[in-house]
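These are my notebook entries on a structure that I looked up piece by piece. I began with strand pairing and then turned to rings and side-chain contacts.

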Amino acid sequence: MRNARLFVPAVAAIFLALVSVPRFEPVQPELFAAGGALANAWADIDGDTDLDLFVGFNGTPNRLYVNDAGVFTERAAAFGVADSRPTRAAAWGDYDGDGRVDLLVGFTPGPGSVLRLYRNTGTRFVDVTAAGLAVDSAAVRQPAWIDFDADGDLDLFVAFRDRANALFRNDAGRFTNIAQDIGLADARRSVGATWFDYDGDGDLDVIVGNMDGDANGLFRNDDGRFTDVAVAAGVAWGGRAPNDPRNGTVRPCAVDVDNDGRLDLFFANYGPNGLFLNRGDGRFEDVSQSWGIAIDGRYDTCAFADIDHDGRVDLYVNGTVTGGTSYPDYLLRNTGYGFADATPADIRAIAASHGAQWADADRDGDLDLALAGTAQGAKHPLLRNQLEPAGNTRSVTVHVLDARGRSLPGAELRVYRAGTRTLLGTRLIDSGSGYNAQSVQPAHFGVADAAAVDVEVIVPARGTRRITRIEKIAVRAGAVVTARIPR
């Protein structure tokens with residue numbers, strides 16, 4: 001591997017010597033054995049509270065794994081989504097507000113639209129692309145469902161590798177691309193995107209990761225008009241070399257790594273990965289090397305989760321295959337002042353993956369790992385987290401929904417020790433931030449030493465940050481708390 005290295009602070013190495021290595025067990029390995037997977041996306045498609053999994057493949061039929069109490073059955077053909085066209089992206093979102101999640105699929109160029117929208121009828125999915133999402137030819141990378149204008153329905157942002165990015169405004173189920181009008185028709189070679197209220201002014205902004213030496217964009221939303229402030233914010237290059245055509249950002253993630261209540265930015269790069277702490281004044285500080293994150297390689301995905309329930313978010317980054325090299329995946333444990341390599345040998349041995357997602361697939365209270373494998377001989381495994389039962393109980397899961405049962409992407413959650421303002425963690429409800437990976441699922445918090453917590457939900461909307469509080473939630477395994485937020 002060219003110039004590959006992992007910076008691990010000495011204190012982090014000492015920390016790792018004192019704790020156990022995470023353990024994972026394959027789930028139904030015969031079912032998740034096919035290679036050639038590129039995209040994966042989690043959502044509860046049938047309203048049974050179990051998370052189901054869509055997997056897109058590179059020219060073989062796509063799969064839809066329906067989850068029944070932790071046991072998966074492949075049902076893509078029965079539900080009408082077993083397309084054989086090479087698939088590069090997928091995103092769940094309830095675009096029509098009927099309480100059922102719908103599916104947007106992104107294909108490689110070929111006959112027909114590269115975007116396809118499937119409406120969930122409850123028993124199968126129906127093609128409704130004609131509602132304004134037909135795009136003849138484009139390199140689809142990341143779709144994200146988001147209510148950017150806070151009008152109560154989900155709009156669709158799509159990052160393209162070879163044309164201007166699109167923002168399809170949703171008007172009663174009909175879509176119109178308004179990106180050019182509002183400043184989001186960026187023609188750089190985009191791949192990943194994350195929506196969040198970066199400046200805390202009550203509307204949603206978007207960080208866009210760009211490839212092939214293009215700078216990243218951080219588009220600030222001011223009353224529905226967007227301005228790129230990436231240079232001023234200090235995140236234009238995301239830790240990689242500026243203007244180097246061999247380097248680029250594949251996926252940006254917004255996550256609070258230091259538990260200060262502010263969303264920081266991580267960049268999965270071609271080139272050194274980057275971590276930038278949010279200093280609260282509109283700027284981010286590059287701490288990539290001091291936090292042990294600047295692995296120099298080719299990385300596609302950043303998947304954050306508190307896998308050991310110590311109250312800190314850990315990180316999975318996946319390596320890709322390029323130039324004849326298979327770059328290794330890493331599982332990095334958050335020590336509170338840096339990240340340290342805690343990759344189990346069995347995960348290290350997995351061939352390079354694309355989509356990587358954490359989800360509580362078996363509802364036992366800890367997060368499991370789903371990968372989409374594309375290298376020769378790769379599979380697309382689902383790996384059950386074997387956290388000890390005592391650790392399983394130290395978690396709380398919060399579903400943020402509006403009055404009609406729809407997810408609220410872009411909302412922030414903060415968890416406090418019950419009866420205090422001691423912050424235990426912050427999460428973003430993120431409906432689509434990454435290359436080849438997306439989900440609509442509850443927010444998960446590991447809780448190290450509190451028997452109960454208070455939850456604060458913040459919804460940016462029309463220049464305000466509406467706050468809803470839920471008090472004294474018991475911390476126990478597999479519990480899902482639903483926060484209903486009025487529009």
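**Entry 1: strand pairing**

In which sense do β14 and strand β15 pair, and over how many bridges? I worked on a predicted model throughout. I found that β14 and β15 (residues 205–210) are joined by six bridges in the antiparallel sense. For A193, I noted V208 in β15 as the bridge partner.

I then followed the sheet outward. The sheet is open and has four strands, in the order β14-β15-β16-β17, with antiparallel pairing. I recorded β14 and β17 (225–228) as the edge strands, since each pairs on one side only. From one strand to the next, the twist averages 25°.

**Entry 2: a hairpin**

I next looked up strand β12 (residues 166–171) and strand β13 (residues 174–177), which run antiparallel and are joined by four bridges. Opposite F168 I found N177 in β13. Two residues lie between the strands of this hairpin, and A172 takes a positive phi near 55° there.

**Entry 3: N221**

Is N221 buried or exposed? I located N221 in strand β16 (residues 217–222). Its relative accessible area is 2%, which is under the 20% limit, so I entered N221 as buried. A polar atom of the N221 side chain lies 3.0 Å from the backbone oxygen of L204. Leaving out residues up to four places away in sequence, I listed F148, D201, D203, L204, D205 and F226 as the residues that N221 touches.

**Entry 4: aromatic pairs**

How many aromatic pairs does a search of the whole structure find? I obtained 20. One of them joins F157 and W195: the ring centres are 5.7 Å apart and the planes stand at 75°, so I classed the pair as edge-to-face. The pair links distant parts of the chain, with F157 in strand β11 (residues 155–160) and W195 in strand β14 (residues 190–196), 38 residues apart. I checked both members for burial. F157 is buried, with a relative accessible area of 0%, and W195 is buried as well, at 3%.

I also examined W291 and F339, whose rings form a tilted pair, 5.9 Å centre to centre and with 45° between the planes. This pair too links distant parts of the chain: W291 belongs to the loop between β21 (284–286) and β22 (296–305), F339 belongs to strand β27 (residues 339–341), and 48 residues separate them. I noted both W291 and F339 as buried.

Which residues do ring pairs link into a cluster? I wrote down F32, W42, Y65 and F72.

**Entry 5: charges over rings**

I looked up arginines placed over ring faces. R163 lies over the face of F160, at 5.5 Å from the ring centre. R421 lies over the face of Y416, and here I recorded 4.0 Å from the ring centre.

**Entry 6: D308**

Which side chain is joined to that of D308 by a polar contact of 2.8 Å? I found that of R333. D308 itself is in the loop between β22 and β23 (314–319). I entered D308 as buried, with a relative accessible area of 14%. Not counting residues up to four places away in sequence, D308 touches D314, R333, L387 and R394. R333 thus appears in my notes on D308 both for the polar contact and in the list of touching residues.

Notes:
Residues numbered from 1 in each chain as written. Predicted model: local features only at pLDDT ≥ 70, side-chain atom pairs only at ≥ 80, totals over all residues. Heavy atoms only, no water. Phe/Tyr/Trp six-rings, centres within 6.5 Å; stacked < 30°, edge-to-face > 60°. Buried < 20%, exposed > 50% of the residue type's maximum accessible area, 1.4 Å probe, protein only. Lys NZ or Arg CZ within 6 Å of the ring centre and 35° of its normal. Pairing = 2+ DSSP bridges. Axes fitted to C-alpha atoms, helices over the stretch in contact; angles between N-to-C directions. Polar contact = N/O pair within 3.5 Å; in protein donor to acceptor, adjacent residues only side chain to side chain. Contact = heavy atoms within 4.5 Å.
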